[in-house]
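Here are my notes for you, point by point. Keep the structure open while you read, and look up each residue as it comes along.

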Amino acid sequence: MTIQKFPDHATLSQHTAEHLAAIINQKPTATLCLASGDTPIETYHRFVNLVRDGRVDVSQCTFVGLDEWVGFGPDDFGSCSFYVFRDLFNPLNLRLDQVHVFDAKASDLPAECARIDAVIAERGGLDVLLVGMGMNGHIALNEPGTPFTLGCHVVELAESTKTVGQKYFEAETTLSQGITLGLRHLTEAKEVILLVSGGKKAPVLQEALQGPVTEQVPASIMQTHPNALIWVDEAAGSLLATV
Ligand SMILES: O=P(O)(O)OC[C@H]1O[C@](O)(CO)[C@@H](O)[C@@H]1O
């Protein structure tokens with residue numbers, strides 16, 4: 001695990017965008033799973049600019065969605081896929097066969113989990129998994145207490161996730177379950193990038209990276225991955241010792 005602190009969110013985002021481009025330039029058929037959430041939005045805008053400038057070609061890549069609120073889909077403002085389509089997949093003009101996101105409106109959610117597990121397995125695993133971290137230390141929608149060994153699964157959302165998740169919606173919205181990649185996918189990904197911005201996450205980031213590895217703090221799994229890159233801004237990293 002390597003931790004790198006950037007002076008601000010813009011620098012962090014540009015660095016991450018260029019790194020994603022470098023991965024794809026090295027492996028044009030890369031399989032990427034890129035988080036939704038507020039944290040990576042600027043990275044995606046900057047990455048789209050790199051593609052438009054001809055610095056990287058994504059036409060052979062595969063993109064896998066990380067997580068979704070159960071009952072919501074790409075057309076629903078506030079859903080996880082709404083944002084990744086708006087900020088990344090649509091501006092990149094990806095073909096439908098390049099994008100695999102959960103259908104969180106499906107009647108058979110376990111089958112959806114198996115479908116996305118199979119997409120990842122068929123491609124030989126994820127080349128890169130880019131994640132953010134929730135206020136309670138969750139990664140994707142793996143809430144505290146989730147076994148590190150799970151693949152895709154349906155979760156009961158933690159109360160703090162339901163509350164914090166309101167920020168993505170225009171009006172108060174009932175959130176109860178999520179469907180998500182599991183932490184087994186993180187362990188098996190060739191490289192994992194955790195992006196964290198803002199001082200409000202500094203205490204839980206410190207706990208995750210410099211406390212014990214425990215399923216009670218899902219982000220602590222980053223300590224166990226041989227190719228984990230933790231990229232934070234000054235505010236998020238303010239409590240980390242010696243970084
Ligand atoms: O970047 P944000 O908006 O703080 O979200 C952090 C994490 O929370 C989730 O949105 C789920 O709540 C993740 O997908 C995301 O990585």
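1. In which sense do strand S6 and S9 pair, and over how many bridges? Strand S6 (residues 128-131) runs with S9 in the parallel sense, and the pairing covers three bridges. If you'd like a place to start looking, Leu 129 stands opposite Val 192 in S9. One thing to keep in mind throughout: this is a predicted model.

2. Now the other partner of interest. S9 and strand S10 (residues 228-233) also pair in the parallel sense, over five bridges. Here you can pick out Leu 194, whose bridge partner in S10 is Ile 230. To get from strand to strand, follow the helix: S9, helix H7 (residues 202-210) and S10 make a right-handed β-α-β unit.

3. Is S9 itself enclosed or open? Strand S9 takes in residues 192-196, and five of the five are buried, so the strand is largely enclosed by the rest of the structure. Have a look at its two faces as well. Val 192, Leu 194 and Val 196 are on one side, Ile 193 and Leu 195 are on the other, and both faces are covered.

4. Let's step back to the whole protein. You should find seven helices and ten strands. The C-alpha trace spans about 45 × 40 × 35 Å along the principal axes. For 243 residues, a compact globule would have a radius of gyration near 18 Å, and the protein has 17 Å, which agrees. Buried residues make up 44% of the 243.

5. A quick word on contacts. Take the contacts with a separation of 6 or more: 79% of them are between residues 24 or more positions apart.

6. Helix H1 (residues 9-26) is a nice one for a ruler check. It has 18 residues, so at 1.5 Å a residue it should span 26 Å, and its end C-alpha atoms are indeed 26 Å apart. Its buried residues are His 9, Leu 12, Ser 13, Thr 16, Ala 17, Leu 20 and Ile 24. They cover an arc of only 130 degrees around the axis, which puts them on the same side of H1. Turn to the other side of H1 and you meet Ala 10, Asn 25 and Gln 26, which are exposed.

7. What do the buried residues of H1 pack against? The list is strand S1 (2-6), helix H2 (41-52), S9 and S10. So S9 and S10 from my earlier points turn up again here.

8. Try the ruler on H2 too. Its twelve residues should span 16 Å at 1.5 Å a residue, and the end C-alpha atoms are 17 Å apart, which agrees. Thr 43, Tyr 44, Phe 47 and Val 51 are buried in this helix. They cover an arc of only 95 degrees around the axis, which puts them on the same side of H2. The buried residues of H2 pack against H1 and helix H3 (80-89). Just after H2, have a look at Gly 54, which takes a positive phi of about 80 degrees.

9. Two more residues have a positive phi, and neither is a glycine. Asn 93 has a phi near 55 degrees and sits in the loop between H3 and strand S5 (99-100). Ala 140 has a phi of about 50 degrees and is found in the loop between S6 and strand S7 (153-156). Which one is buried and which one is exposed? Asn 93 has 11 other C-beta atoms within 10 Å, and the cut-off for exposed is 12 or fewer, so it counts as exposed. Ala 140 has 31 C-beta neighbours inside 10 Å, where 20 or more is enough, so it counts as buried.

10. Last stop: Ala 236, in the segment after S10. Ala 236 is buried, with 27 other C-beta atoms within 10 Å. Leaving aside neighbours within four places in sequence, Ala 236 is in contact with Val 196, Ser 197, Gly 198, Gly 199, Lys 201, Ala 202 and Leu 205. For a distance to try yourself, take Ala 236 and Glu 143: they are 93 residues apart along the chain, and their C-alpha atoms are separated by 20 Å.

Note on methods: Residues numbered from 1 in each chain as written. Predicted model: local features only at pLDDT ≥ 70, side-chain atom pairs only at ≥ 80, totals over all residues. Helix = DSSP H or I, 4+ residues; strand = E, 2+ residues; numbered from the N terminus. Rg over C-alpha atoms; globule rule 2.2 N^0.38 Å. Contact = placed C-beta atoms within 7 Å. Pairing = 2+ DSSP bridges. Right-handed = clockwise from strand over helix to strand, strands pointing away. Expected span 1.5 Å × (residues − 1). Arc of directions from axis to C-beta.
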